Each structure stands twice: as C-alpha cells, then as structure tokens.
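Open the model in your viewer and switch to a cartoon view. This tour goes from helix to helix, with something to select at each stop.

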Amino acid sequence: MKAVEVIDDVYWVGAIDHNVRNFHGFSYTTKHGTTYNAYLVIGEKIALVDAVFGPFAEEMFDRISQVIDISEIDYMIANHAEMDHSGAVPDVLEKVPNAKLVCSKRAVDALKKHYPDGWDIKVVGTGDEIDLGGKTLRFYEAPMLHWPESMFTYYVEEEVLMPNDAFGQHYATGKRFADEVDEYVLWKEAEKYYANILWPLSRQVERKIEEVLELGLPIKIIAPSHGLIWRKDPLKIVKKYLAWAKGEDLEDNVIIAWDTMWQSTTKMARAIAEGIESEGLIPILHLIPTSDRSDIMAELLKAKGLLVGSSTLHNEALPTIAAVLSDLEVLKPKGKKGAAFGSYGWGGGAVEKIQQAMENGGMDVVMEPFTAKWVPSSEELQAAYDFGEEFAKRVK
Ligand code: FEO
C-alpha cells in the first residue's frame with residue numbers, strides 16, 4: 001500500500017500489521033490485526049507525527065520516501081512513548097540526526113529509559129505550538145490516554161487532531177478511512193479497544209474530552225495511531241467515548257459468563273438465562289473456556305449487567321474464571337450491575353470470590369449470590385430462573 005494523502009500536505013505513512021493476534025501480552029486478542037499510524041505534515045518544515053513499532057520501521061521509511069526525502073524531516077513528534085509508536089523513533093533519528101525530537105515533559109524520562117540518550121529534545125506542553133511555515137502544530141497533554149506522558153497533536157489550519165491511542169481501533173485493512181470499511185466491524189473494534197485499554201481510565205477520558213470540547217476546537221479529521229481515520233462525522237467517536245466513559249450507550253443485554261466442572265453450573269446458567277429472557281432482556285451466554293475474554297469485556301461495555309458463575313474448586317472459583325475476575329479488577333467496569341452464581345460440594349467459596357472481584361472492580365452487586373449444592377434439583381433450577389428474572393428487573 002502506498003502512502004495515503006489524508007488532507008492537503010498530510011500523509012499517512014504508517015504500517016499495517018495484519019498478523020498480530022494479541023496486544024499487551026495476551027490480555028487483548030486482535031483478530032483483525034492492527035496498524036501503527038504515522039503522519040507526515042508538510043510545510044516549509046516537515047514533521048513526522050509518531051513513528052511505528054520497531055520491526056515495521058522499513059515499511060514506514062518506504063512510505064515516507066514516496067512523499068519526501070527522509071532527510072527533510074525537521075521534527076520527530078512522539079505523542080506517546082509506548083513502543084508500538086516510539087519503536088522506530090531511534091531509526092528516524094539515526095537517519096535524520098538533525099531532526100528535533102518533540103515530546104511532553106513526562107515523555108522525556110520514558111523515552112530516555114527506552115532508548116539511548118543524546119537526542120535533541122524539544123519539550124512541549126498544552127498550548128505550545130510549532131510553526132512549520134504557514135502550518136501550525138499545537139500540542140495538548142493528555143495524561144493517561146493512554147500513558148501519563150501521552151499528548152495530542154493538532155494541525156491548526158486544517159483542523160486535524162492526531163490523538164495517538166485515543167479513538168483508535170485494532171483493525172488492519174487496505175483502507176485508511178473509517179467511512180471505507182465495514183461499519184459493524186469498525187465499531188465493534190472501537191468498542192473492544194475502549195473496553196480493553198481505556199475503560200479503567202474513564203475518568204481521565206471524560207475530563208480530557210470535556211476539556212477539549214470546552215475549548216471549542218474545530219475538528220475536521222481525527223487521525224489516531226491505530227486503525228482507521230475518522231473524516232466523516234469525526235465527533236461521533238468522541239461522543240461515543242464520552243458515553244462509554246459515563247456508562248451510557250447500553251443495549252438490552254445481560255452477559256452470563258461461567259465455567260463448570262460437572263455441568264451443574266451450566267444448568268444454572270441456562271435457567272438464569274431463561275429468567276432474564278422472560279423480562280425482555282437478551283442473555284449473552286459465554287462458557288468461558290470456549291469464549292474470548294477480551295470480546296466479553298467489549299460486550300460488557302454495552303451490556304446492562306453481568307452474571308459470573310463457577311463451580312467451586314478447593315474453595316475457589318475455577319482457574320478459567322479467575323482470569324475473568326482479574327479482568328474485572330483491572331478494567332474496572334464501574335457501576336455495571338452484577339451478581340454471582342455457582343454450584344459447590346462440601347464447601348463453597350467460588351461465589352464469594354466472584355462477588356469480591358466485582359466489588360473490587362467497582363461494580364454494583366445488586367443481588368446476593370445464587371448457589372446450589374452438588375446437582376441442582378428441579379426446585380433449584382426454578383429458583384435459578386427466578387434469580388435471572390429478578391436480576392433482569394433490577395438492571396432494567
Ligand atoms: Fe498504542 Fe499505548 O500504545
């Protein structure tokens with residue numbers, strides 16, 4: 001794929017990683033791959049806004065050289081020090097040693113710790129500008145979107161926001177603009193990205209977006225560092241972020257995620273699902289070993305509630321469920337309504353662990369756990385149905 005003109009004198013020169021299947025360790029599956037977006041802004045002087053993951057440096061250089069001579073780069077702007085964007089910064093500065101590295105104050109330490117020192121660094125903060133000769137780049141610090149040192153770069157004259165990780169998607173395609181791809185996949189990937197990366201940072205997301213909206217910054221294009229570029233109705237993704245940060249934009253779904261040893265908890269899950277359905281909500285059932293946890297977290301972003309079930313093993317939830325509980329504690333789906341259920345033998349323990357993890361994650365546990373000893377009787381399955389029905393009433 002060639003370099004792509006985003007708008008006059010702005011070019012996408014990033015890289016497409018079709019094959020990456022996980023991100024941040026194995027916490028996030030990326031079944032559609034990802035892109036590492038880098039942008040050239042060309043005035044009398046030239047800025048490269050963000051670089052790519054190190055192994056993709058040559059792919060980026062190939063695209064840059066389709067537009068300019070690499071030696072013409074004056075500024076290497078590093079919005080974020082994480083290696084998927086800064087990995088190729090040393091390669092850029094090796095090829096263009098006179099280029100100035102531009103980053104936030106907090107990024108200096110992070111970049112120096114990742115890479116050898118000795119670069120000519122220009123530190124910028126909110127409101128600072130660089131004049132490329134009739135073209136202005138302005139910077140906005142954006143702490144915790146996605147690291148403390150993150151910042152946004154805004155191309156003032158053409159109203160292009162380059163917010164690095166914010167508003168991205170892990171979606172590798174031959175297309176570059178959001179309006180050119182399958183809308184369903186695009187939004188599912190945007191939701192999954194928010195849930196698995198930004199959900200625990202929702203307070204900072206909300207604050208930063210409200211701050212930017214109050215500034216009345218005109219935005220014609222949002223060019224993130226992952227996935228597709230938003231050029232039609234770019235504020236739609238901004239409004240979605242605000243809604244997700246506030247726990248809005250919900251669908252009539254309840255997620256039931258469980259694992260089972262001898263099918264007792266599965267029988268309970270199915271009875272609970274029927275109870276939920278009786279109240280007009282849609283249960284989404286995930287038997288954990290056969291479901292993708294990061295997809296479940298994406299669905300949870302828009303669901304009205306979550307029920308987690310497990311058999312008890314050595315007074316604990318099953319190990320597969322422990323991983324889900326870790327997700328809840330880390331991603332912190334604050335205010336999401338939840339409850340626990342599960343079977344046990346001589347001693348319980350699983351449901352307490354589930355409820356504790358929900359509370360640790362800031363969830364609103366709206367019912368006491370539902371349990372059944374050994375194999376649920378027909379009466380207990382009726383009680384499971386009633387539990388689902390009551391849960392649905394409480395989350396509606
Ligand atoms: Fe895409 Fe926080 O790096």
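**A tour of packed helices**

H9 and H10 cross in a right-handed manner. This is a predicted model, so treat each stop as a look at a prediction.

**Stop 1: H9 and H10**

Select residues 293-302 for H9 and residues 319-331 for H10. Their axes come within 11 Å of each other and cross at roughly 45 degrees. Angles of 65 to 115 degrees would count as roughly perpendicular and those under 35 as roughly parallel; H9 and H10 are therefore oblique to each other. Now show side chains. On H9, pick Arg293, Met297 and Leu300. On H10, pick Ala323, Val324, Asp327, Leu328 and Leu331. These residues make the contact. Colour them by class: six are nonpolar, two are charged and none is polar.

**Stop 2: H9 and H5**

Keep H9 and add H5, residues 183-198. How far apart are the axes of H5 and H9? They lie 8 Å apart, and the helices pack at an angle of about 100 degrees. That angle makes H5 roughly perpendicular to H9. From H5, select Glu191, Lys192, Tyr194, Ala195 and Asn196. They meet Ser294, Asp295, Met297, Ala298, Leu301 and Lys302 of H9. The classes here are five nonpolar, two polar and four charged residues. Pause on Met297: it is part of the H9 contact with H5 and of the H9 contact with H10.

**Stop 3: H5 and H7**

Hide H9, keep H5 and select H7, residues 235-245. The two helices pack at about 45 degrees, with axes 11 Å apart. That makes H5 oblique to H7. The crossing is right-handed. Which residues make the contact? H5 supplies Glu183, Trp187, Ala190, Glu191, Tyr193, Tyr194 and Leu198. H7 supplies Lys236, Ile237, Lys240, Tyr241, Trp244 and Ala245. Nine of the residues are nonpolar, four are charged and none is polar. Glu191 and Tyr194 belong to this contact, and both also appear in the contact of H5 with H9.

**Stop 4: H11**

Last, select H11, residues 350-360. Highlight Ala350, Val351, Ile354, Gln355, Ala357 and Met358, which are buried. Look down the axis: these residues cover an arc of only 160 degrees, which puts them on the same side of H11. An α-helix has 3.6 residues a turn, so residues three or four places apart point the same way. Then step just past H11 to Gly362. Its phi is positive, at about 80 degrees.

Notes:
Residues are numbered from 1 along each chain as its sequence is written. This is a predicted model: local features need pLDDT of at least 70, side-chain atom pairs count only at pLDDT 80 or more; totals for chains, interfaces and linings use all residues. Side-chain values use heavy atoms; hydrogens and water are left out. Axes are lines fitted to C-alpha atoms, for helices over the stretch in contact, and angles run from 0 to 180 degrees between N-to-C directions. Helices (H or I, at least four residues) and strands (E, at least two) are DSSP runs, numbered from the N terminus. Angles under 35 degrees count as roughly parallel, over 145 as roughly antiparallel, 65 to 115 as roughly perpendicular and the rest as oblique. A crossing is left-handed if the near helix is turned anticlockwise from the far one by less than a right angle, and right-handed if clockwise. Contact means heavy atoms within 4.5 Å. Ala, Val, Leu, Ile, Met, Phe, Trp, Tyr, Cys and Pro count as nonpolar, Asp, Glu, Lys and Arg as charged, and the others, Gly among them, as polar. Buried means under 20% relative accessible area, exposed over 50%, partly exposed in between (1.4 Å probe, protein chains only). The arc is that of the directions from the helix axis to the C-beta atoms.
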